[in-house]
Structures are given as structure tokens and as C-alpha cells.
Amino acid sequence: MFGLHDIQYFYEFLFWVLIYLSLRLVWHLPKVRLAYGISVAVFNFAAIVMYTISSLSGQMGALDAFAFAFLHSMVSIVMLTLIHKENKIDKEKRNLKGEKVLK
């Protein structure tokens with residue numbers, strides 16, 4: 001099960017650990033959070049396109065493709081909503097800090 005040919009999973013695990021650790025270093029930056037959210041939404045949109053193409057080409061059933069595309073569209077909508085809400089909260093925080101400085 002975990003022979004030499006399964007080393008790919010180890011490399012994938014290391015990749016995600018490195019991504020996680022690097023994001024922890026820069027996650028406090030608003031531009032990083034914005035870029036991450038938009039990239040997740042774009043990758044999910046690409047997945048929707050691929051499921052649609054595979055359904056149209058007959059490689060996947062229409063209902064399966066619809067279910068997977070629906071799942072990825074929900075993830076995209078959630079990510080874009082979170083980005084919008086976070087930007088709104090950040091603007092409100094900046095306005096509150098600005099009002100406290102003026103008083």
C-alpha cells in the first residue's frame with residue numbers, strides 16, 4: 001500500500017504543509033487574503049468548466065457533472081462572499097479607527 005510508487009502522496013503532503021506554513025507568515029496582509037480567495041474562486045470556476053466539458057463529451061454522467069459543478073459553484077460563492085464581507089469589515093474598522101483619532 002505505501003510502497004515506493006506511493007511517494008507522490010508524500011510530495012503532495014509536503015507541498016500542502018509548505019503552502020500552509022507560508023500562508024501563516026503572510027496571512028495578516030489583506031492583499032494575500034484577497035488573492036487567495038479570488039484564486040480559490042477561479043480554480044473552482046475552472047473545475048465547473050471541466051465538469052461541463054466532460055459531461056458534454058460523454059465521459060461523465062450529466063447528473064454527476066451537475067452535482068460536482070453545483071458543489072464547486074457553492075464553494076466559489078462562499079469564498080467570494082467571505083471576501084466581500086471581510087473587505088466591508090476592514091473598511092468599517094478603518095473608519096472607526098479614523099473617528100477615534102479625530103476625537
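In which helix does Phe10 lie? Phe10 lies in helix α1, and the legends below follow the predicted model from the whole chain to single residues.

**Figure 1. Overall view of the predicted protein chain.** The protein chain contains three helices and zero strands. Read from the N terminus, the order of its elements is α-α-α. The radius of gyration is 20 Å, well over the 13 Å that the globule rule gives for 103 residues, so the protein chain is more spread out than a compact globule. The C-alpha trace spans about 65 × 35 × 15 Å along its principal axes. Of the 103 residues in the protein chain, 17% are buried.

**Figure 2. Surface, charges and contacts of the protein chain.** About 8,900 Å² of the protein chain is exposed, and carbon and sulfur atoms supply 73% of this area. The protein chain carries 11 positive and 7 negative charges, and the mean positions of these two groups are 16 Å apart. When contacts between residues at least 6 apart in sequence are considered, 54% of them join residues at least 24 apart.

**Figure 3. Helix α1, with Phe10 and Leu23.** Helix α1 covers residues 7-26, and Leu23 has its place there. Phe10 also belongs to helix α1. Phe10 counts as partly exposed because its relative accessibility is 45%, a value between the limits of 20% and 50%. Leu23 is partly exposed as well, with a relative accessible area of 22%. Beyond residues up to four places away in sequence, Leu23 touches Val32 and Tyr36. Two separations place these residues relative to later parts of the chain. From Phe10 to Val75, which are 65 residues apart in sequence, the C-alpha to C-alpha distance is 27 Å. Leu23 and Ser73 are 50 residues apart along the chain, and their C-alpha atoms are separated by 24 Å.

**Figure 4. Helix α2 and its buried residues.** Helix α2 runs over residues 30-56. Its 27 residues should span 39 Å at 1.5 Å a residue, and the end C-alpha atoms are 39 Å apart, which agrees. The buried residues of α2 are Arg33, Gly37, Val40, Ala41, Asn44, Ala47, Ile48 and Ser54. An α-helix has 3.6 residues a turn, so residues three or four places apart point the same way. Just after α2, Gly58 adopts a positive phi of about 90 degrees.

**Figure 5. Close-up of Arg33 in helix α2.** Is Arg33 buried or exposed? Arg33 counts as buried because its relative accessibility is 16%, and the limit for a buried residue is under 20%. Leaving aside residues up to four places away in sequence, Arg33 touches Trp27, His28, Glu86 and Asp90.

**Figure 6. Close-up of Val40 in helix α2.** Val40 has a relative accessibility of 18% and therefore counts as buried. Which residues does Val40 touch, not counting residues up to four places away in sequence? Val40 touches Val75 and Met79. Val40 and His72 are separated by 32 residues in sequence, and their C-alpha atoms lie 10.0 Å apart in space.

**Figure 7. Close-up of Ala62 in helix α3.** Ala62 lies in helix α3, which comprises residues 62-102. With a relative accessibility of 54%, Ala62 counts as exposed, because the limit for that class is over 50%. Ala62 and Tyr51 are 11 residues apart along the chain, and 9.1 Å separates their C-alpha atoms.

Terms used
Residues numbered from 1 in each chain as written. Predicted model: local features only at pLDDT ≥ 70, side-chain atom pairs only at ≥ 80, totals over all residues. Heavy atoms only, no water. Helix = DSSP H or I, 4+ residues; strand = E, 2+ residues; numbered from the N terminus. Rg over C-alpha atoms; globule rule 2.2 N^0.38 Å. Buried < 20%, exposed > 50% of the residue type's maximum accessible area, 1.4 Å probe, protein only. Contact = heavy atoms within 4.5 Å. Areas by Shrake-Rupley, 256 points an atom, 1.4 Å probe, with all protein chains shown as cover. Lys, Arg positive; Asp, Glu negative; His and termini not counted. Charge placed at Lys NZ, Arg CZ, Asp CG, Glu CD. Expected span 1.5 Å × (residues − 1).
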